[in-house]
Amino acid sequence: NAGSRPDAARQDYDAAYAQVVRNDLKGAERLFKAYLEEHPDTPLVPNAWYWLGQVQFRGGQFEEARVSFLNAAQFKDSQKRPDALYKLGLISLKQGDRDKARRYFEVVQKTYPEDTAAKLARKELERL
């Protein structure tokens with residue numbers, strides 16, 4: 001793609017997110033995957049990875065969600081990073097890896113102490 005237009009990228013992102021709001025997980029998954037393929041260099045890429053992970057997580061596709069959240073977490077400046085790391089902790093728990101879960105929760109708490117995800121991570125750490 002010879003550089004996607006920002007307005008087209010935004011419309012595609014909004015269309016995908018609208019499926020999340022409608023609770024159409026399959027539709028959202030399809031549209032976020034298309035977004036990431038068609039607009040790989042746009043500012044909303046970390047958000048698209050995050051929401052793709054969310055719909056996969058909600059659909060019970062934990063391994064796919066893990067990959068999506070890892071991709072989202074690579075963007076150090078993204079506002080979705082603390083949430084993605086928190087979700088990676090939850091997936092680690094679901095997959096039976098309590099040590100890895102603890103590490104994710106601790107990173108969220110230390111790196112983003114004021115974020116809502118840190119409060120959620122703290123609760124998970126108390127349970128571990």
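Which residue forms a salt bridge with R127? Hold that thought for the first close-up; everything shown here comes from a predicted model.

**Close-up 1. R127 pairs with E124 in helix α7.** The partner is E124, and the closest N and O atoms of the two residues sit 2.8 Å apart. Both residues belong to helix α7, which covers residues 116-127. They are three residues apart, or about one turn of the helix. The two ends of this bridge have unlike surroundings: R127 is exposed, with 60% relative accessibility, whereas E124 is buried at 11%. Across the whole model, the salt bridge count comes to five.

**Close-up 2. D14 and R10 join up in helix α1.** Here the side chains meet in a salt bridge, with 3.1 Å from N to O. Helix α1 takes in residues 6-21, and the pair is spaced four residues apart in it, so about one helical turn separates D14 from R10. D14 is partly exposed, its relative accessible area being 36%. R10 is partly exposed too, with a value of 43%.

**Close-up 3. K33 and E29 meet in helix α2, as part of a network.** The salt bridge between these side chains has an N to O distance of 3.2 Å. K33 and E29 are four residues apart in helix α2 (residues 25-38), which means they are separated by about one helical turn. As for accessibility, K33 is partly exposed at 42%, while E29 comes out as buried at 8%. The view is worth widening a little to take in K26: salt bridges link K26, E29 and K33 in a network.

**Close-up 4. K87 is buried and has no salt bridge.** Look for this lysine in helix α5, which runs over residues 81-94. Why does K87 have no salt bridge? Side chains of opposite charge can pair when their charged atoms come close. For K87, the nearest side chain of opposite charge is D83, and that is 7.2 Å away. A salt bridge needs the nitrogen and the carboxyl oxygen within 4 Å, so a pair at that distance is not counted. What does K87 touch, leaving out residues up to four places away in sequence? Its contacts are Q54, F57 and F69.

Key: Residues numbered from 1 in each chain as written. Predicted model: local features only at pLDDT ≥ 70, side-chain atom pairs only at ≥ 80, totals over all residues. Heavy atoms only, no water. Helix = DSSP H or I, 4+ residues; strand = E, 2+ residues; numbered from the N terminus. Buried < 20%, exposed > 50% of the residue type's maximum accessible area, 1.4 Å probe, protein only. Lys, Arg positive; Asp, Glu negative; His and termini not counted. Contact = heavy atoms within 4.5 Å.
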